[in-house]
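Got your viewer ready? Let's walk through some side-chain contacts together, one selection at a time.

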Amino acid sequence: MTENIPDNGGQSRLVTLRDCDQFGKEVVHVRELDGKGVTAVTALTGTIGFVVNVIWACTFGIGLFVGHLVAGVINCIFIITIPFGLQSFKLAGLSFWPVGRRVVSVEMARIAREHNAQEKFNKIRAKSGGTSVVAAK
């Protein structure tokens with residue numbers, strides 16, 4: 001049933017029915033996935049997304065956020081419903097600031113974050129003249 005929902009890939013796409021199965025999924029920012037830096041287009045869409053998020057947060061976002069927080073606290077009271085409580089907390093953040101976020105599998109989120117960390121590491125290494133950057137233990 002949800003396979004028939006078209007995905008236009010737009011910047012302001014909100015969560016659809018196929019994203020409602022939150023178990024095994026994670027919410028990431030769209031810039032973590034596409035790897036685009038700051039350009040004129042990304043700055044403009046980021047600004048528009050910020051304005052839409054502020055409007056959303058002031059109207060419906062606060063109510064949904066508080067509702068998911070209350071549901072998460074209630075679900076965490078009983079041991080058997082703790083996973084649902086944790087998902088409610090995840091949905092609370094998504095419902096407060098949804099534009100520019102994507103729900104992806106945990107594996108895809110991990111790969112995107114590792115790739116972005118590697119890119120940042122390479123930039124730091126290039127700025128330092130190619131010397132080795134050793135992390136303190």
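## Salt bridges and rings

Searching the whole structure turns up four salt bridges. Keep in mind as you click that this is a predicted model.

Start by selecting Arg-31 and Asp-34: they form a salt bridge whose closest N and O atoms are 2.2 Å apart. Both residues lie in helix α1 (residues 30-34), three residues apart, or about one turn of the helix. Arg-31 is partly exposed at 22% relative accessible area, and Asp-34 is partly exposed at 31%.

Next, add Arg-113 and Glu-32, a salt bridge with its closest N and O atoms 3.0 Å apart. This pair links distant parts of the chain, with Arg-113 in helix α4 (residues 106-127) and Glu-32 in helix α1, 81 residues apart. Now show Glu-26 too: Glu-26, Glu-32 and Arg-113 are linked in a network of salt bridges.

Stay on helix α4 and pick Arg-110 and Glu-114, which are four residues apart there, about one helical turn. Their side chains meet in a salt bridge at 3.2 Å, N to O. Arg-110 is partly exposed, with a relative accessible area of 44%; Glu-114 is also partly exposed, at 45%.

Time for the rings. There are four aromatic pairs. Select Phe-65 and Phe-96: the ring centres are 5.3 Å apart and the planes lie at 55°, so the pair is tilted. Phe-65 sits in helix α2 (residues 40-75) and Phe-96 in helix α3 (residues 82-96), 31 residues apart. To finish, add Phe-50 and Trp-97, and you will see the cluster that ring pairs build from Phe-50, Phe-65, Phe-96 and Trp-97.

How values were computed:
Residues numbered from 1 in each chain as written. Predicted model: local features only at pLDDT ≥ 70, side-chain atom pairs only at ≥ 80, totals over all residues. Heavy atoms only, no water. Phe/Tyr/Trp six-rings, centres within 6.5 Å; stacked < 30°, edge-to-face > 60°. Helix = DSSP H or I, 4+ residues; strand = E, 2+ residues; numbered from the N terminus. Buried < 20%, exposed > 50% of the residue type's maximum accessible area, 1.4 Å probe, protein only.
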